[in-house]
Amino acid sequence: MARQQLGRSFGWLWSAFTASTAGTWLGFGAFPLIAIQVLHVGPAAVSALAAAGLAVGALLALPLGPWVEAQRKKPVMIAADLVRFGALLTIPVAYFAGRLTYTQLLVVSVIGSAANIAFTAAGGAYLKQLVRPDQLLVANGRFESTAWTATAVGPTLGGAAVSLLGPVVTVTANAVGFLLSALGIGAIRHKEATPERAGAEKFRAADLVRGWRFIHGDRQLRPLFWNTVAVNALIMATEPLLAVLLLDHLGWAAWQYGLAFGLPCLGGFVGARIAPRLEARHGRRRVLLTSGALRAVWPVGLVFVMPGAAGMALVIAVELVMITCIGVFNPLFATERLQRVPTERIGRVLVAWKVTGTAAIAALTALWGALAAATGPRTAIGIAGVLLLATPFLLPGVRFSGRDTPRGGVPLPAPR
């Protein structure tokens, strides 16, 4: 299959994405690690740190959909990167000054969450301006491959860096990644379309719900919406609990934690690379339904994690098969969403999607933190895994706008 050329502007956007993603995954688990090892807080507080940052960030981001639609997207993305850079940089400054507090971690988490939602909303609309509609799957596949490569390498290097240089070194790397991302986006010379600003200067409460109305008015997007919200929330709710279980209860070193969650991400790279070929061979609907179901099957296995090499092998195996399925699902899903949403509505829809997902993660993270405090992290992780087994039932009934005819075959029957 010949490699498609997507142009210099996309190349700069891809480079910016690579820089910020590499920094983010070098800093994987940094806040829980700092909370546990520096501030000495328990599982409920670790979960509350993640939950409060996401929830308040999502609340602050609610008005962003209509606002982002009325702005040029490139300046919004640069501003979001610079805000995240500045906020994260306060963590190492406070740490070395001996003034780092749990409250500061919360504030930085909130700022990062709101800025991330703004960046995501602007980035989706900007990508549609930089590449043709038939190139979206290739572009999203490259983003996904890059993300999983960074996820595979970043936590391993980050864990080693923390062991050698201390707990805030990866936060600094994360901040620098956002600065490099801002510089990369600034280098794009593509002439951006002027957005429609009529009525945008005066914010209206009704604007907040238009993104959700569009999603629920589309029979194809609605089940994808609820499935992705549920799956992401249940997986992410267990992240701080896994940190507590592995780093505290089982006594894993930071490098072991990074390796166990970094190495399996090579499966995400492979999944993203083969997603276009699977779509061409089997059709988008079949591949999305299959990978969407399979990605929810494996996390329940994490309840059996144990100390030592056997425990690491179990975590790596579970994460590898799950992440490979996610790597196939995500670029197809992202492309389907961008193709179904008109450019003039993409800001509201992506903000609505991101706010709902972020709020769901925040709510379940807080709930699972309380559950872990009452029953223990292992039990709470197992309950989340069992609930994930039900999420594939949210997918049937979806028909997709992409290629649903396998190469050399007949059209696939629509689900009933």
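In the predicted model, R340 and D218 are joined by a salt bridge in which the closest N and O atoms lie 3.1 Å apart. Because R340 belongs to helix 15 (residues 308-340) while D218 sits in the loop between helix 9 (207-217) and helix 10 (221-237), this pair ties together parts of the chain that are 122 residues apart in sequence. The two partners fall into separate classes of solvent accessibility: R340, with a relative accessibility of 23%, counts as partly exposed, whereas D218, with a relative accessible area of 10%, is buried.

A further salt bridge is formed between R284 and E336, for which the closest N and O atoms are 2.6 Å apart. This pair likewise links distant parts of the chain, since R284 is located in helix 14 (residues 284-294) and E336 in helix 15, with their positions 52 residues apart in sequence. Both R284 and E336 are buried. Through salt bridges that share partners, D218, E279, R284, E336 and R340 are joined into one network, so that the contact of R340 with D218, which ties helix 15 to the loop between helix 9 and helix 10, and the contact of R284 with E336, which links helix 14 to helix 15, belong to one connected set of charged side chains.

Over the whole structure, six salt bridges are found. Among them is the pair R132 and D134, whose side chains meet with an N to O distance of 3.0 Å; here R132 counts as partly exposed, its relative accessibility being 47%.

With regard to cysteine cross-links, the count of disulfides comes to zero under the distance rule applied, by which the two sulfur atoms would have to lie within 2.5 Å. Of the cysteines, C265 is buried, with a relative accessible area of 2%, and C325 also counts as buried, at 12% relative accessibility; both values fall under the 20% limit for that class.

The confidence of the prediction varies along the chain. The average pLDDT is 82, and 89% of the residues score at least 70. Over residues 198-203, however, pLDDT stays under 50, and the model has three contacts beyond four places in sequence for this stretch. The pLDDT is also below 50 over residues 405-416, a stretch for which the model contains 24 contacts beyond near neighbours in sequence.

Note on methods: Residues are numbered from 1 along each chain as its sequence is written. This is a predicted model: local features need pLDDT of at least 70, side-chain atom pairs count only at pLDDT 80 or more; totals for chains, interfaces and linings use all residues. Side-chain values use heavy atoms; hydrogens and water are left out. Buried means under 20% relative accessible area, exposed over 50%, partly exposed in between (1.4 Å probe, protein chains only). A salt bridge is a side-chain nitrogen of Lys or Arg within 4 Å of a carboxyl oxygen of Asp or Glu. Helices (H or I, at least four residues) and strands (E, at least two) are DSSP runs, numbered from the N terminus. pLDDT is the predictor's confidence in each residue, from 0 to 100. Contact means heavy atoms within 4.5 Å.
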